[in-house]
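Biologist: Please take me through one part of this chain closely, namely the side-chain pairings that hold separate stretches of it together, and go on to the surroundings in which they sit. I would like one connected account that I can follow with the coordinates open.

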Amino acid sequence: MGPVRTPPPAVLGAVEAAAMGLGEGSLAPRVSCLLPTGPGARFLQLPRGVVDSRAGQAAASKRDLEGERSEKGGGAVSWSKRCWCGWSEALTAAVTALRAGGLVAVPTDTLYGVACSACCSAALGAVYSLKGRSQTKPLAVCLGGVADIYKYCQVRVPRELLEDLLPGPVTLVMERSRELNKDLNPFTPLVGIRIPDHAFMRDLAQAFSGPLALTSANISSQPSSLNVKEFQDLWPQLSLVIDGGPIGDVKSPECRLGSTVVDLSVPGKYRIIRPGCALTQTAAILQKKYRLVPSEEPCS
């Protein structure tokens with residue numbers, strides 16, 4: 001396969017703030033990175049049935065002992081043990097690829113996504129090229145925890161609100177700080193934050209120790225992907241594909257709605273930008289618990 005084409009991000013004029021976007025930040029770091037030019041994506045499969053990384057690690061310790069007993073008895077090491085080692089291998093491989101400027105397909109709590117370092121301008125350009133996506137459409141940012149949001153956003157809601165919604169199938173749009181790469185969505189002062197409720201994604205974001213740009217794993221305007229085979233047209237341009245198995249019911253249109261996107265950039269108000277898969281419960285929390293007022297006007 002040939003190298004990924006990475007046109008530099010276009011210098012865009014000021015336009016109306018878009019959902020899940022990032023604004024200008026003159027002090028944002030610029031990262032030099034080379035995109036992989038290898039023969040295509042490497043595939044790593046996550047262990048099935050592990051929904052919490054700490055629980056999986058605890059279970060793995062027990063399985064290690066069982067595997068040792070099997071080996072002493074002349075038997076093979078259990079498949080479960082090898083699966084857990086695969087989790088660690090996938091995590092290390094993903095961090096390595098991301099730090100090198102690669103594009104990594106990842107499972108989330110809603111859909112399969114494509115992640116790259118938000119600090120690598122070349123990788124950002126490669127994402128747009130990969131998807132055939134207009135560079136006026138923003139990319140979300142995936143973080144490892146609620147505490148990280150304060151570094152990259154101007155937060156105007158109680159921390160308890162963030163913790164009620166995240167991790168979860170929600171993208172919270174707020175005013176960005178100047179810490180983010182100015183080449184990431186330079187046309188809007190807003191940023192959409194994702195903390196997926198998915199054990200591997202939480203581990204990955206924490207291990208990467210920086211913002212990840214995240215978008216759905218599909219050609220722009222095509223249906224979202226619930227398993228790795230559904231975005232196989234993208235494989236040649238990816239560095240790594242993390243196969244976490246099927247997400248939801250592939251026959252259900254509701255499972256392809258993606259996260260619910262909510263603009264919280266104006267104090268005391270919220271605006272639903274995309275209904276997504278968690279609209280009812282999200283709106284209930286915002287209105288009933290935090291007394292936010294729904295707004296039909298752009299919060300920008």
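**Pairings across the chain**

Modeller: There are 8 salt bridges in the structure, which is a predicted model. Side chains of opposite charge can pair when their charged atoms come close. One of these bridges joins the side chains of Asp 109 and Arg 194, with 2.7 Å from N to O. Asp 109 sits in the loop between strand 2 (104-107) and strand 3, while Arg 194 belongs to strand 7 (residues 190-194), so that distant parts of the chain, 85 residues apart, are linked. The two partners differ in their exposure: Asp 109 is partly exposed, at a relative accessible area of 22%, whereas Arg 194 has 5% relative accessibility and therefore counts as buried.

Another bridge is formed by Lys 289 and Asp 164, whose closest N and O atoms are 2.8 Å apart. Because Lys 289 lies in helix 7 (residues 279-289) and Asp 164 in helix 5 (residues 159-165), this pair ties together parts that are 125 residues apart in sequence. Lys 289 is exposed, with a relative accessible area of 53%, and Asp 164 is partly exposed, with a relative accessible area of 34%.

Glu 230 and Arg 256 also meet through their side chains in a salt bridge, at 2.9 Å from N to O. Here both partners come from loops: Glu 230 from the one between strand 8 and strand 9, and Arg 256 from the one between strand 9 and strand 10 (260-263), so the parts that the pair ties together are 26 residues apart in sequence. Glu 230 is partly exposed, with a relative accessible area of 36%, and Arg 256 is likewise partly exposed, with a value of 22%.

Aromatic rings provide a further set of pairings, and the structure holds 3 such pairs. Trp 87 and Phe 200 form one that is edge-to-face, with 5.7 Å from centre to centre and 85 degrees between the planes. Since Trp 87 is part of helix 2 (residues 79-99) and Phe 200 is part of helix 6 (residues 199-208), this pair ties together parts of the chain that are 113 residues apart in sequence. Both Trp 87 and Phe 200 are buried. Tyr 112 and Phe 231 form an aromatic pair that is tilted, again with 5.7 Å from centre to centre but with 45 degrees between the planes. Tyr 112 lies in strand 3 and Phe 231 in the loop between strand 8 and strand 9 (240-243), so that parts 119 residues apart in sequence are tied together by the pair. Tyr 112 is buried, with a relative accessible area of 1%, and Phe 231 is buried at 2%.

Strand 3 deserves a further step along its length, to Ser 117, which is found in this strand (residues 112-117). With 7% relative accessibility, against a limit of 20%, Ser 117 counts as buried. A polar atom of the side chain of Ser 117 lies 3.2 Å from the backbone nitrogen of Cys 119. Leaving aside residues up to four places away in sequence, Ser 117 touches Leu 98, Ala 123, Leu 124, Phe 208, Pro 211, Leu 212 and Ala 213.

Among these contacts, Ala 123 and Leu 124 are also listed with the buried residues of helix 3, which include Ser 121, Gly 125, Ala 126 and Val 127. Helix 3 (residues 121-131) is largely enclosed by the rest of the structure, because 9 of its 11 residues are buried. Those buried residues pack against strand 3 and strand 8 (212-216). Just after helix 3, Gly 132 takes a positive phi of about 65 degrees.

Cysteines, finally, add no covalent link of this kind, the count of disulfides being 0. For Cys 255, the closest cysteine sulfur is that of Cys 277, and at 8.4 Å it is too far for a bond. Cys 255 is partly exposed, with a relative accessible area of 26%, and Cys 277, at 37% relative accessibility, counts as partly exposed as well.

Conventions:
Residues are numbered from 1 along each chain as its sequence is written. This is a predicted model: local features need pLDDT of at least 70, side-chain atom pairs count only at pLDDT 80 or more; totals for chains, interfaces and linings use all residues. Side-chain values use heavy atoms; hydrogens and water are left out. Helices (H or I, at least four residues) and strands (E, at least two) are DSSP runs, numbered from the N terminus. Buried means under 20% relative accessible area, exposed over 50%, partly exposed in between (1.4 Å probe, protein chains only). A polar contact is a pair of N or O atoms within 3.5 Å; within protein, one must be able to donate a hydrogen and the other to accept it, and residues adjacent in sequence count only if both atoms are side-chain atoms. Contact means heavy atoms within 4.5 Å. Rings of Phe, Tyr and Trp (its six-membered ring) pair if their centres lie within 6.5 Å; planes under 30 degrees apart count as stacked, over 60 as edge-to-face and the rest as tilted. A salt bridge is a side-chain nitrogen of Lys or Arg within 4 Å of a carboxyl oxygen of Asp or Glu. A disulfide is a pair of cysteine sulfur atoms within 2.5 Å.
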